[in-house]
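The following exercises introduce a single protein chain. Each one sets a task and then works through the solution step by step.

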Amino acid sequence: MVRRLFERLRGLRQVAPHLLRPAHVNADRAKISVAQLGHHYANKVVALKDVNLNVRSGEFVCLLGPSGCGKSTLLYALAGHVVPTGGSVAIDGKPIQGPGPDRLLMFQEAALFPWLTVRGNITFALGARGVPRNERRERADTFIQRVRLEGFADTLPHQLSGGMKMRASLARALAVDPTVMLMDEPFGALDAQTRVHMQELLQSIWMRAGKTVVFVTHDVQEALMLGTRVVLMAPRPGRVVEDLEIHLPMPRSLEDPSLDAMARDIRHRLRAVEGPLENQHPEPLPRRTQTPSSLPRPSIVTGR
Ligand SMILES: Nc1ncnc2c1ncn2[C@@H]1O[C@H](COP(=O)(O)OP(=O)(O)OP(=O)(O)O)[C@@H](O)[C@H]1O
């Protein structure tokens, strides 16, 4: 059934591609181009090998795969925090030379300053980006409203729930207006219910704002809820094994039987690339020389 669904969508894509793509995805423009990307860490772990990935402007690309397949390394290379040992990464045709204001990285932790209110956290970030003082408050309040945190602008982070902190962090990210959002399992620490609410919120904001998003997740359903594309990766060495365009209509629902059927199919594909359980991590993984958590905190079809 899933194969038939993928095939029908493929046929429709050939005759009427514009019917299947959200309006703000610009088919002709590669926002992010990754070519022959490779990276090995100082301990010789090959985190990425020959990765090719083009992300169109306005796409929502989910990187999905088992632990250790290089999702975060790829994301940090896009952010400019990891300097790859081979290949190239470019944004709007310009090679990435380091972090830049056009890209914003979000993590599982909301990373709010505890001594600043929700609004204070946002106005601080706006100040750091050079937004004039008289515009900061209004802009902060616009995004506080957009993430549905009205009434909490003057609240300190410790008085917020995990989901509310993440919404404040999202408001801050949107307020500084990067063109590319790089998200590393941002909802991974939330309970199941809050996670679904955050996915719905992020999708509605993405549909309106038209940002280019690259989103790392382990969760197949999350990838299918959010992604216009799902890129499957495999470990040892970290590489892209499949690149799937997801043409389910938006807003999506976990209740959608097509989504459920695709999730089963993708789980099956992932099991095939992971191999039998006894082949996984045959020896202790080499110690990391630098963990993602030691990276700076605050502050998304192969070979197209
Ligand atoms: N700083 C580092 N030093 C050495 N090895 C590293 C470092 N960071 C990651 N690695 C290794 O590189 C490989 C890819 O790691 P990466 O964190 O990119 O994978 P991932 O798919 O994001 O994993 P997870 O889902 O568990 O976060 C793994 O084998 C990991 O142990």
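A residue counts as exposed if 12 or fewer other C-beta atoms lie within 10 Å of its own, as buried if 20 or more do, and as partly exposed in between. The model used throughout these exercises is predicted.

**Exercise 1. Determine whether Lys 44 is buried or exposed, and describe its backbone.**

Solution.
Step 1. Locate the residue: Lys 44 sits in the loop that links β1 (26–40) to β2 (46–57).
Step 2. Apply the cut-off. Lys 44 has 7 C-beta neighbours inside 10 Å and therefore counts as exposed.
Step 3. Examine the backbone. The phi of Lys 44 is positive, about 80°, although the residue is not a glycine.

**Exercise 2. Carry out the analysis for Ala 111: where is it found, and how is it classified?**

Solution.
Step 1. Ala 111 belongs to the loop between β6 (103–106) and α3 (118–128).
Step 2. Inside 10 Å, Ala 111 has 16 C-beta neighbours, so it counts as partly exposed.
Step 3. Ala 111, which is not a glycine, has a positive phi of about 55°.

**Exercise 3. State how many residues of helix α2 are buried, and describe what comes just after the helix.**

Solution.
Step 1. Helix α2 covers residues 71–79, and 9 of its 9 residues are buried.
Step 2. Among these buried residues are Lys 71, Ser 72 and Thr 73, as well as Leu 74, Leu 75 and Tyr 76.
Step 3. Just after α2 comes Gly 80, with a positive phi of about 90°.

**Exercise 4. Describe the hairpin of β4 and β5.**

Solution.
Step 1. Strand β4 (residues 86–91) and strand β5 (residues 94–95) run antiparallel and are joined by 2 bridges.
Step 2. One pairing can be named: Ala 90 has Pro 95 of β5 as its bridge partner.
Step 3. The hairpin has 2 residues between the strands, and Asp 92 takes a positive phi near 50°.

**Exercise 5. Give the strand order of the open sheet of 6 strands and explain which strands stand at the edges.**

Solution.
Step 1. Strands of a sheet pair through backbone hydrogen bonds, either parallel or antiparallel.
Step 2. The order in this open sheet is β6-β7-β8-β3-β9-β10, and the pairing is mixed.
Step 3. β6 and β10 each have a single partner strand, so one side of each has no neighbour in the sheet; these two stand at the edges.
Step 4. From one strand to the next, the twist averages 15°.
Step 5. Consider one pair in detail. β9 and β10 run antiparallel with 6 bridges between them, and Arg 229 stands opposite Glu 245 in β10.

**Exercise 6. Locate the cis peptide bonds that precede Pro 237 and Pro 251.**

Solution.
Step 1. The bond from Arg 236 to Pro 237 is cis, its omega being near -10°. Pro 237 lies in the loop between β9 (229–234) and β10 (239–245).
Step 2. The bond from Met 250 to Pro 251 is also cis, with omega near -5°. Pro 251 lies in the loop between β10 and α8 (257–274).

**Exercise 7. Describe the surroundings of Arg 139.**

Solution.
Step 1. Arg 139 is part of helix α4 (residues 133–146).
Step 2. There are 18 other C-beta atoms within 10 Å of Arg 139, so the residue is partly exposed.
Step 3. Apart from neighbours within four places in sequence, the contacts of Arg 139 are Leu 126, Val 131 and Ala 175.
Step 4. Thr 123 is 16 residues from Arg 139 along the chain, and their C-alpha atoms are separated by 8.2 Å.

**Exercise 8. Describe how the chain divides into domains and how these touch.**

Solution.
Step 1. The domain assignment gives domain 1 (30–102 + 178–275) and domain 2 (110–177).
Step 2. Taken over C-alpha atoms, the centres of domain 1 and domain 2 are separated by 25 Å.
Step 3. Domain 1 contributes 13 residues to the contact and domain 2 contributes 10 residues.
Step 4. On the domain 1 side, helix α6 (residues 192–209) supplies the largest share, 6 residues.
Step 5. That side of domain 1 consists of 11 nonpolar residues, 2 polar residues and no charged residues.

**Exercise 9. Relate the UniProt annotation "domain: ABC transporter" to the model.**

Solution.
Step 1. According to the unreviewed UniProt entry, this annotation covers residues 32–260.
Step 2. In the model, that span is 34% helix and 27% strand, and its end C-alpha atoms lie 30 Å apart.

Note on methods. Residues numbered from 1 in each chain as written. Predicted model: local features only at pLDDT ≥ 70, side-chain atom pairs only at ≥ 80, totals over all residues. Domains from an automatic or database assignment. Contact = placed C-beta atoms within 7 Å. Helix = DSSP H or I, 4+ residues; strand = E, 2+ residues; numbered from the N terminus. Nonpolar A, V, L, I, M, F, W, Y, C, P; charged D, E, K, R; others polar. Pairing = 2+ DSSP bridges. UniProt positions renumbered as here; feature names shortened; annotations may be inferred. Axes fitted to C-alpha atoms, helices over the stretch in contact; angles between N-to-C directions.
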